[in-house]
Every structure is written in structure tokens, then in C-alpha cells.
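Hi,

Here is the model we talked about, with my notes underneath. Have a look at the structure first and then read on.

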Amino acid sequence: MPSRYRSFRCSVPWLILLLQALLLLRSFLGFPGVSDTYSPSNSYPEFQDVNHMVIFGFGFFLMVLRRYGFSSTGFNFLLVVLGVQCSMLAEDLLVFLRGEQNEVGLESLARAFVSVTAVVISTGAVLGRANPVQLIVMTLVELTFFYVSRYINERFLEVPAPLTGMHVYLFGAYFGLALASRFPEAPPGLDKSRSTPKSELFSVLGTVFVWVFWPSFNSILPFLKMQAVINTYLALAVSAVAAFMLSALTSKDGKFRMAQIRSAVLAGGVTISYTAERIHHPWIAMILGLLGSVITILGSHCVQRCFNPALKLQDTSGVHFTFGLPAVLGAVATVVLIVVEDGIDTRWNELSRLGYDAFVYIGAFCQTISTALITGLITGLILNIKLLKAVHVSKYFDDQFYWEFPHLSVGF
Amino acid sequence: MPSRYRSFRCSVPWLILLLQALLLLRSFLGFPGVSDTYSPSNSYPEFQDVNHMVIFGFGFFLMVLRRYGFSSTGFNFLLVVLGVQCSMLAEDLLVFLRGEQNEVGLESLARAFVSVTAVVISTGAVLGRANPVQLIVMTLVELTFFYVSRYINERFLEVPAPLTGMHVYLFGAYFGLALASRFPEAPPGLDKSRSTPKSELFSVLGTVFVWVFWPSFNSILPFLKMQAVINTYLALAVSAVAAFMLSALTSKDGKFRMAQIRSAVLAGGVTISYTAERIHHPWIAMILGLLGSVITILGSHCVQRCFNPALKLQDTSGVHFTFGLPAVLGAVATVVLIVVEDGIDTRWNELSRLGYDAFVYIGAFCQTISTALITGLITGLILNIKLLKAVHVSKYFDDQFYWEFPHLSVGF
Amino acid sequence: MPSRYRSFRCSVPWLILLLQALLLLRSFLGFPGVSDTYSPSNSYPEFQDVNHMVIFGFGFFLMVLRRYGFSSTGFNFLLVVLGVQCSMLAEDLLVFLRGEQNEVGLESLARAFVSVTAVVISTGAVLGRANPVQLIVMTLVELTFFYVSRYINERFLEVPAPLTGMHVYLFGAYFGLALASRFPEAPPGLDKSRSTPKSELFSVLGTVFVWVFWPSFNSILPFLKMQAVINTYLALAVSAVAAFMLSALTSKDGKFRMAQIRSAVLAGGVTISYTAERIHHPWIAMILGLLGSVITILGSHCVQRCFNPALKLQDTSGVHFTFGLPAVLGAVATVVLIVVEDGIDTRWNELSRLGYDAFVYIGAFCQTISTALITGLITGLILNIKLLKAVHVSKYFDDQFYWEFPHLSVGF
């Protein structure tokens with residue numbers, strides 16, 4: 001189908017070029033006092049960890065499909081480097097709106113990386129079904145709406161800035177789901193949508209990287225870094241243990257299921273993300289990790305058997321139960337923790353203030369999730385217009401549609 | 001054999017659940033003043049390196065067998081996250097016995113990681129022959145005895161704490177060997193016990209990670225961190241060079257042998273582990289690295305040809321010559337170094353004190369190795385009782401016995 | 001051909017042994033005051049990144065050929081650990097010639113690692129065609145001449161030391177090219193010189209590691225570390241985006257080409273290397289990254305179609321356009337930047353000084369590149385004498401010529 005390919009040539013490069021030119025122009029013009037300053041920073045190792053986790057970890061985490069390895073890593077890489085630049089622009093804008101002094105530094109880069117994770121997660125939901133043009137448009141739209149949602153949370157609901165950044169899992173997962181619901185379903189028996197042991201091994205490699213670097217990710221925004229690291233670590237450890245336990249319990253003959261374990265070991269990191277710097281007792285972190293793993297494994301059963309078929313939804317790499325459900329649990333846990341903590345501090349005397357606090361956090365949570373769902377749906381509709389040349393169902397999950405294979409005769 | 005599978009379902013998850021519940025309970029109750037405190041720490045990058053090395057590096061280092069990739073990484077992951085939690089409890093207990101103030105912090109986590117390495121090493125000896133139930137029980141028993149052995153060394157022989165932690169290679173290797181001797185031998189011609197070039201490549205990947213992060217591992221306990229880093233690095237570099245040299249010298253037609261090289265490049269790190277912070281001259285570190293590599297390559301010949309067949313011992317991933325022999329060499333080198341150093345300091349006047357020092361270190365070494373051998377043997381006997389459902393010899397080295405393969409039709 | 005193998009056995013190990021013995025001896029004798037000192041250092045995480053990048057990243061980056069995986073990583077590992085020790089000796093000598101106090105510390109190790117990159121890059125040009133003896137001799141000769149060239153730059157042209165270190169890409173690439181031109185060409189239809197999707201995936205893995213750690217590499221020598229990190233990061237991001245764009249634009253039907261992308265994403269890091277700490281405006285770094293990517297992609301077309309066939313040159317992993325051309329661009333950019341910057345500072349009053357500055361930098365650049373080409377040619381002639389047993393063309397690109405394959409029957 002050469003005509004279709006040629007069309008990619010006319011769209012992808014020019015779209016990227018346009019974007020990059022805009023970003024360069026912005027960087028050249030700069031907001032007042034932006035482009036001349038570099039801030040010093042001590043958190044370089046943490047930044048490197050996050051960088052590594054988002055580009056390498058998630059890139060290989062997504063490499064599950066048997067014939068989609070190049071695209072999984074390649075497109076993830078492209079979207080991250082594009083998205084980070086867009087995010088830096090948005091971060092600048094946020095700082096500008098707050099009226100603070102702006103700087104290009106590791107902090108700003110690190111915050112940009114955290115936001116881009118929303119895009120990476122959403123990509124997982126439409127993995128193998130969206131073409132690069134769609135993915136790039138999605139990146140732009142999603143980042144814009146994510147920053148709008150963050151700004152509302154920060155400005156009108158007065159949620160602390162690090163916490164609004166942590167809504168990234170929630171936003172990414174539900175945006176991706178709403179988006180995926182607008183893509184035509186792949187035929188059920190498609191061989192290419194399955195994994196092979198080798199592709200699973202690469203995916204395990206990526207998962208381990210994400211797991212190892214998660215404490216850095218959760219501690220890059222908060223102030224109490226060490227506490228965030230240790231709580232995240234404990235939650236991750238417990239959720240990894242629980243993942244093996246639950247996988248053996250729920251499978252047919254007591255065997256482990258790698259796909260489930262890959263999702264569930266990460267659940268603890270998502271669940272604890274909001275509260276990592278706030279928890280003072282290790283056992284709370286451990287309980288949250290355990291609950292995260294439970295909700296992921298149970299969720300993967302319910303979602304795949306009841307929810308998805310009912311809504312005719314296809315969620316290629318299971319972002320709903322890997323990131324969505326644990327993030328919901330984490331958001332609920334935050335409200336409970338804050339209310340209980342404040343309640344104990346005030347000896348339950350100022351119930352009205354407690355109620356207000358809870359209201360604010362629940363409001364931020366509902367606002368994020370509904371913005372994600374609505375904008376995701378709209379984006380899904382936009383992405384499937386004819387202009388963006390959606391991929392035909394028969395070409396789903398196939399590297400050869402996007403990449404040259406000079407070694408094709410050799411066989412995969 | 002569905003009956004056998006169902007039995008796993010009745011044992012593995014509940015065993016894990018019980019353990020995790022106990023750990024949670026302990027964390028909830030806490031020793032006096034334990035659970036409320038977090039200590040600040042500056043060694044986060046080193047901690048991440050060790051974390052990465054133990055979970056990722058060793059997990060992929062063990063991925064040699066052609067049909068055992070999932071289990072090698074997966075079980076290593078499970079044992080490490082379980083073991084770290086148990087170790088933290090044991091570390092708490094040690095600190096409590098010393099009468100010091102207890103804290104949950106990166107130091108405590110890092111020390112726990114170092115101890116868990118004993119379990120990882122022992123796993124290598126029974127790789128592919130022990131089922132998860134046996135491995136979990138082994139983890140608990142081994143960690144208990146390792147801490148008992150450390151406590152004896154620290155309390156009664158007055159060996160400094162960082163040094164007792166470094167007995168981890170010695171203990172892990174000989175515990176694993178004694179354990180492995182109680183497992184029925186795999187039939188010699190078993191195809192599944194061999195490696196493929198692809199599985200070797202993954203193993204090389206893991207080895208390089210272990211190699212790169214070893215300086216962090218050896219420097220996480222001592223006080224003079226930089227000296228430990230540089231000495232370890234020099235020892236590793238020389239032992240890597242020597243590994244290639246000796247591999248070409250000892251092979252039939254001057255070719256390199258990947259399996260040997262993988263073992264020998266790591267030998268320097270083991271040999272130097274005890275003395276890394278104590279050595280003041282780079283050339284001593286280099287000599288130790290060279291000797292470590294020599295003993296590993298020669299040992300691999302002797303052990304595989306004479307020792308193992310005589311004792312009917314099967315050591316799947318060669319922990320005896322990879323970790324055991326270099327650790328013995330390192331222990332001997334420690335005694336020599338300490339005696340010589342003290343001798344020079346005192347101008348060889350206080351020979352009785354020198355003798356006493358040497359006696360103490362040799363005592364600690366003998367105590368560790370004999371505890372490892374005896375408890376390993378006993379544990380091996382316990383693990384092979386009927387209750388724990390030892391794997392039948394024909395099911396050795398096979399992922400399909402433990403993992404679901406929905407992609408089975410695709411072929412490995 | 002057992003006679004040929006036996007000959008390797010008589011050469012490789014003894015050559016390594018001789019070298020290692022010399023290095024040990026040097027370390028034992030020491031330059032005055034060398035061997036007793038360890039300097040403290042705070043840049044351990046950066047050092048680890050560079051260590052990781054050179055050993056792991058480049059090792060797997062080179063793993064493109066379908067039957068040359070073991071050798072790509074293995075020989076890279078061997079050359080790096082040998083080369084680092086030689087470089088430390090050369091660094092000592094440089095410091096001694098400057099009359100400064102000498103120390104064995106992380107700085108000295110890190111500088112040694114940067115220099116060894118020249119060897120790694122040169123290896124890429126003769127990948128699969130040089131045998132280990134040739135590679136080891138090449139390492140020695142190349143490092144010697146690289147240090148001579150650095151010394152000339154530093155001493156007679158008074159270029160700052162960190163900048164002379166950054167000539168490593170230029171020297172490595174053109175030394176490698178000149179060397180490769182002396183090796184007999186592989187027959188064009190050779191199946192073994194192609195890649196498979198699996199080998200490409202491993203290579204992508206390595207590339208991502210190199211990409212992620214590049215900011216650390218570029219910031220290990222300069223003083224203004226954070227500025228170097230952020231500029232490198234921006235250049236890398238833009239060059240990665242441009243790589244995807246240009247790859248789609250230049251390919252036949254708008255598809256991406258993995259081999260091109262792998263080269264071009266790294267171009268930004270090479271281009272910015274000289275000027276990373278000197279650039280004060282992010283947009284300059286971004287422009288340099290963009291230009292680096294453009295020159296790599298266009299270069300890969302021109303070089304592979306016109307230049308290489310005309311000179312009968314075979315450049316296995318494309319070091320000319322991956323490292324050579326971007327480094328030339330970077331060197332030119334340095335001169336322009338320095339002249340413009342000084343010009344603005346002095347309001348274009350001291351044109352003669354500007355001319356002198358430009359002259360010095362251009363001189364250093366020309367001296368480096370011509371030394372590299374001439375010594376590379378001579379080394380190439382030396383390496384192909386009979387004594388070093390050059391590999392026959394039919395045995396090119398084949399692991400089995402150097403490694404034992406006990407698992408051969410299993411198939412690759």
C-alpha cells in the first residue's frame with residue numbers, strides 16, 4: 001500500500017518539524033529572563049534515574065507485542081523527547097502565571113519528565129493501534145489539558161504543587177482509556193497482538209527498571225525526599241510480594257502469570273505516589289502497597305472480563321488496572337490520611353475544616369478524572385478523522401508498517 | 001500433572017501471605033521507637049546502585065538456562081523483596097541487641113540488601129532444581145542463620161560490623177553448595193540444562209550490570225567509601241583482563257569461553273570485598289583482582305572435573321568458583337594484610353597481639369564457613385521432605401512448570 | 001582451521017599478560033608520591049554513569065551484526081578495562097609533566113574513561129574484521145598517539161585541558177576510518193554482516209543507555225557541570241526529534257530506519273561536547289543538536305553512497321557519520337562561538353586577539369584530525385603484517401571464530 005506510506009512521509013516529518021521550530025522559536029524569544037539562566041541543582045542522580053525510567057524503563061515495559069518491538073521503544077522515545085520540550089514550555093508558562101522568576105534547570109526538566117509520563121501511560125492504551133501522526137497530536141493535546149487541569153487544581157482548589165503533579169497516573173490512564181474507546185477494535189484472533197517469551201523477557205527488563213527507579217520518580221517533586229524514597233520502596237516491595245502471591249492464587253492451576261505480575265509489582269508505586277512524603281509510619285506504606293497489588297490483580301480480572309467487553313474497549317497493555325485503579329486507590333487513601341492526620345492533630349475539634357480539606361482533595365480528584373475522560377473522548381474523536389489516516393485494523397500491531405526492514409528475509 | 005500444580009496453589013501463596021502478614025504486624029507493633037523514625041541519608045545514589053545490582057544484575061546474571069528465563073529473574077525478584085523485609089527485621093533486632101537507637105532509613109535498607117545477596121548466591125547453586133516453596137523456606141532459614149553467624153562474629157570475636165557483612169559471599173556460596181548436595185542430581189544429558197547464545201547474551205547483560213555496580217556494593221558498608229570504590233574498581237579491572245587471558249589459555253583451541261569469563265570478571269569484586277577500604281596501595285588491589293581471577297578459572301576446572309563428581313554435587317551456575325573460592329582467598333588476604341599492616345605499625349614488637357588478631361579473623365572465617373556448611377546441609381535435608389513437594393528430576397530447569405504460557409503455540 | 005586457533009592461544013593471552021604485568025609493575029613502583037594517595041571526590045554518581053555508558057552502552061550499541069554479539073560486547077569490555085589502565089598511566093604521566101601532585105582518584109579514573117572512548121569508537125569502524133590481537137595492539141597505539149596529540153594541544157596551543165579531552169570523538173572516528181581503509185573489504189553479499197531485528201533491539205538498548213548517560217559524559221571534565229548537563233540534554237532531545245523527522249523524510253516510503261535513528265539520536269551529544277559548558281542560551285544548544293542530526297543523516301547518505309565506495313572503505317558501524325561528522329561540526333561551532341562571544345565582550349575592538357584565538361582552536365582541530373588520520377593509516381599498515389594473523393575475509397563477522405559454542409547444536 002505505497003500510497004498510504006507516502007502520505008506518512010508528507011505528514012509525520014513536517015508535523016515534527018513545525019513543532020520543533022516552534023519550540024526553538026520560543027526558546028529563542030524566551031519569556032522575560034528565561035533563557036539566560038541556569039539554576040544549580042543537587043538532585044542530578046535522581047534526575048538521571050527519572051530520565052532513565054521514563055525513556056528506557058517504559059520504552060521496554062511496553063515491548064510486549066511480538067511484532068511491535070521497534071515501535072514500542074522508538075515511538076515512546078520520540079514522544080518523550082517531544083513531550084519534554086512541550087512540557088518545559090508549559091512549566092515556564094505556569095511559573096510565569098504564578099509571577100515567579102523563571103529558570104532553565106534540572107528542576108524544570110525533572111518536572112517536565114513527570115508530566116510526560118501521562119503521555120507514556122496513555123500510549124500504552126492505544127499501543128499498536130495509533131499511528132505516529134495520531135500519537136504526536138495526542139501528545140500535544142494531552143499535555144495541554146493536563147497542564148490546564150493542574151492549573152485548576154493549583155489555583156482554584158489550592159492543592160500543593162507536588163501533589164498536582166502526581167495526578168499524572170490518573171490523568172494518563174483515564175485519558176488513554178477514553179481515547180482507546182474511540183479506536184476501532186482489533187479482530188479478536190489476531191496473532192500479532194500476542195506476546196512471545198522473548199518479548200516478555202524484554203518487557204520484564206523494562207519493568208525491573210521502572211520498579212528500581214520508582215522511588216526516585218516519587219521523590220523528585222516532594223520536599224521530604226528521603227521519606228518519600230523509603231515509603232515508596234516499602235510499598236513497592238510489599239506490592240511485589242503480593243503480586244506473586246495473588247497471581248498464583250488466581251490462576252487456574254497455581255502457576256504464575258508474567259503479564260499480571262508485571263502490572264502488579266508496579267501498583268505499589270502508583271498507590272503511594274500521592275502520599276509518599278506524608279506517611280510517618282512504615283506500616284501504612286506497606287498496607288497501601290498491598291492494597292495496590294490486590295486492586296490491580298482483581299481489577300485485571302474484572303476489567304478484562306466484564307468492563308472492557310461491555311464498553312467494547314480495548315486496552316492493549318492494561319493501563320486501566322496497572323495505573324488507573326491504583327491511582328484511584330491512592331487518591332482515596334490521600335483523603336483518608338489527610339483527614340485522619342488533621343483530625344488527630346486538632347483532636348477532632350475542627351470538623352468543618354476537616355470537611356473542607358476532604359472536599360478540596362476529592363474535588364481535585366474528580367476534576368482530574370473527569371477532565372481526563374472528557375478530553376480523552378474528544379481527542380479520540382479528533383484522532384480518527386480522515387486527515388490523520390488512522391491505521392487499518394489489519395495493519396495493527398505491526399512494525400513493518402512503520403519501519404524499514406532490510407533484514408526481512410532473515411525472518412523475525 | 002494438575003494435582004501437583006494445585007498443591008503449589010495451596011502452598012506458595014499462603015506461605016507468602018503468612019510471611020507478609022507477620023512482617024506487617026512487626027512493622028505495626030514496632031520495637032520501641034522504631035517505626036516512627038526516618039533517618040536522613042546522603043548515600044542515595046549508592047543505595048540505588050546496590051538495589052539495581054541485586055534485583056536486576058543478579059536476576060539476569062542467573063538467566064543462563066535456555067528454558068528458565070522467567071523463573072531466574074522472577075524468583076530472584078520475589079526472594080529479594082521478601083528477603084529484604086526479613087533482613088530489615090533482623091537488622092532491627094541486631095541494633096536492639098546492641099542497645100542503640102533504631103531507625104528505618106536508607107542505611108538499614110542498604111544493609112538489608114547486602115545480607116540478601118547471600119540468598120541470591122545460594123539460589124544460583126540450586127537454580128532450576130528447587131521449587132518456589134523450597135526457595136522461600138530457604139530464604140528464611142538462610143537469613144536467620146546468616147544473622148546468627150554475624151552476631152557471633154560481631155559479639156564474641158569482636159570483628160567490625162562492616163566486615164561481618166562482607167562474609168555474605170562466603171556464607172551464601174557454601175550454604176548453597178551444602179544445600180545443593182542434598183538435591184537429586186539432574187540426568188547428565190538433559191537438554192534443558194544447557195544455554196543458548198540468546199540466553200547467554202541476557203546473562204552477559206546482567207553480568208555487566210553486576211560488574212559496573214560492584215564498587216557501590218563494596219563501599220556501601222565501610223566508612224572510607226572512596227577508597228573502597230577505587231580499590232574495588234582496580235581489582236575488577238584487573239580481574240576482567242585476567243579473565244580473558246586465562247580463558248584463552250585454558251580452552252582447547254585458544255578460544256574464549258563466555259561462561260568462564262562471566263564468572264571470572266566478577267572474581268575481583270569478591271576477593272577485594274573484605275579489604276577494599278583497608279588497602280592503601282593500588283597495586284595490592286590489582287594483585288588481589290588477578291589472584292581472584294586465577295583462582296576462579298583454575299577452580300572452575302578442578303571443581304567441575306574432580307570435586308563435584310566425587311561428591312555427586314551439582315552446582316547449576318557455578319557459585320563455588322564464582323563466589324566461594326574468591327571469598328576464601330579474600331578472607332585469607334584479609335588476615336595477611338591485617339597482620340602485615342599491624343606488624344609494620346608496631347615494628348613487629350607485639351607479636352602476641354598480632355597472633356591474637358590473626359586468630360580472631362581466622363576464627364570468624366572458620367565459624368562462618370562451618371556454620372554455612374552445617375546449616376546448609378540441614379536445610380537441604382529439611383527442604384527435601386515430602387511436605388515441600390520437591391520437583392521431579394524430569395521437570396528440572398523448566399519455566400512451564402511454574403509459569404503460564406498463553407503464547408505456547410508460538411514456540412520458544 | 002585448528003592451526004590458526006592455536007596461534008591465537010599463543011598470542012592473545014601472552015600479550016595481555018605482558019601488558020598487565022607492566023601495568024602492575026608501574027603501579028608498584030609508582031611515580032614519586034603516586035601510589036599512596038587517594039583523593040576524595042563528590043562526583044561518584046557521574047563517574048558511575050560514564051563507566052556504565054562506556055562499558056555497557058557502547059558494548060551493546062555495537063551489537064548490530066547478527067552473529068557477532070559475544071565479540072561486540074566481550075571485546076569492547078576487554079579493550080575498555082585494558083585501555084583504562086593504560087590511560088591512567090598516561091594521565092599520570094601528563095600530570096607528572098605538568099609538575100603537579102599526582103593522585104589516584106575518581107577524577108583520574110573518569111578522565112581515563114573519557115580517553116578510552118576513542119578506542120571504543122575506532123573499534124566500531126573495524127568491527128568484525130579485526131581479531132583480538134589487532135584490537136589490543138590498536139588500543140595501545142591509539143591511546144599513545146591520542147595522549148601525544150592532547151599534550152601538543154595543551155602544551156603548545158594552550159587549549160584548556162577539558163577541551164582537549166573532548167577531541168576524543170574526532171580522534172577516535174578518524175583514526176578508526178584510516179585504520180579501516182587498510183583492512184581488506186568484506187565481500188558485499190555477506191549474509192553475516194547484516195543485522196536481525198533481535199540484534200537491532202539489543203543495539204537499541206545500548207543506544208538508549210548511551211543517550212541517557214551522555215549528559216554525564218559531557219559534564220565529567222568541565223567545571224560548570226550543571227550547565228554542561230542541561231545543554232547536552234537539550235541538544236540530545238532536539239537531535240532525537242530531528243532524527244525521526246529526517247529518517248522519515250529521506251527513506252523511500254516515509255518509513256523510519258532504525259539504523260539511521262540510532263546514529264542520529266546520538267549526534268547532538270557529540271556536536272555539543274566541546275561547547276556544553278560554554279553556551280549560555282538554551283536555543284544555541286538546541287540548534288547545535290538539530291544541525292548534528294542533520295549532518296549525520298545527510299552524511300550517512302553521502303558517505304555510504306559516494307565517499308566509502310570511492311575510497312574502498314568499509315566502516316562497519318558507521319562511525320564516520322555517527323561520531324566523525326558531528327565532531328567536525330562541533331569543532332567548527334566552538335570556533336564560531338568563542339570568536340562571537342569574545343567579540344561581543346570586547347565590542348569587536350581586539351580583532352587581532354580574536355584572530356589568534358580562532359587560529360589556536362582551528363590549529364588544535366587540524367592537528368588532532370591529521371594526527372588521527374596519519375597514525376591511523378600507519379597503525380592499519382602495521383596491524384595487517386603477517387605476525388598479527390589478520391582474519392581471512394570469509395571468517396569476518398563471526399563469533400564462532402573467537403568463542404567456544406558448546407550450545408552450537410541448539411542453533412543460533
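**How the chains are arranged**

Chain B goes onto chain C by a rotation of 120° with 0.0 Å of shift along its axis, and the RMSD is 0.0 Å. That is how copies around a three-fold axis are related. (Superposing here means a least-squares fit on the C-alpha atoms of residues with pLDDT of at least 70 in both copies.) Before going further: this is a predicted model, where local features need pLDDT of at least 70 and side-chain atom pairs count only at pLDDT 80 or more, while totals for chains, interfaces and linings use all residues. Residues are numbered from 1 along each chain as its sequence is written, chains are lettered from A and ligands numbered from 1 in the order in which they are written, and side-chain values use heavy atoms, with hydrogens and water left out.

Which residue of chain B comes closest to the rotation axis? That is Pro45(B), with its C-alpha at 3.7 Å. Chain A is superposed on chain C by a rotation of 120° too, with 0.0 Å of shift along the axis and an RMSD of 0.0 Å. For chain A, the residue closest to the axis is Pro45(A), at 3.7 Å (C-alpha).

The copies meet through different surfaces, because only 9% of the interface residues of chain B are also interface residues in chain C. For chain A against chain C, only 8% are shared in this way, so there too the copies meet through different surfaces.

**Helix contacts**

In chain B, the axes of helix 11 (residues 282–311) and helix 12 (residues 319–345) come within 8 Å and cross at roughly 135°. That makes helix 11 of chain B oblique to helix 12 of chain B. (Under 35 degrees counts as roughly parallel, over 145 as roughly antiparallel, 65 to 115 as roughly perpendicular, and the rest as oblique. Axes are lines fitted to C-alpha atoms, for helices over the stretch in contact, with angles from 0 to 180 degrees between N-to-C directions. Helices are DSSP runs of H or I, at least four residues, numbered from the N terminus.)

Among the helix 11 residues of chain B that meet helix 12 of chain B are Leu288(B), Gly292(B), Ile295(B) and Phe307(B); the helix 12 side includes Phe321(B), Leu325(B) and Leu329(B). Contact means heavy atoms within 4.5 Å. By class, this contact of helix 11 with helix 12 of chain B has 12 nonpolar, seven polar and no charged residues. (Ala, Val, Leu, Ile, Met, Phe, Trp, Tyr, Cys and Pro count as nonpolar, Asp, Glu, Lys and Arg as charged, and the others, Gly among them, as polar.)

Between chains, helix 9 (residues 225–250) of chain A and helix 4 (residues 106–125) of chain B have axes that come within 11 Å and cross at roughly 35°. Met226(A), Val229(A), Ile230(A) and Tyr233(A) meet Leu106(B), Leu109(B) and Phe113(B) there. That contact divides into seven nonpolar, no polar and no charged residues.

**Single residues to click on**

- Asn308(B) sits in helix 11 of chain B and counts as buried at 8% relative accessibility (buried is under 20% relative accessible area, exposed over 50%, partly exposed in between, with a 1.4 Å probe and protein chains only).
- Trp348(A) has a positive phi of about 60° although it is not a glycine, and counts as partly exposed at 43% relative accessibility.
- Phe397(B) has a positive phi too, near 55°, and is buried, with a relative accessible area of 3%.

Cheers

Notes
Helices (H or I, at least four residues) and strands (E, at least two) are DSSP runs, numbered from the N terminus.
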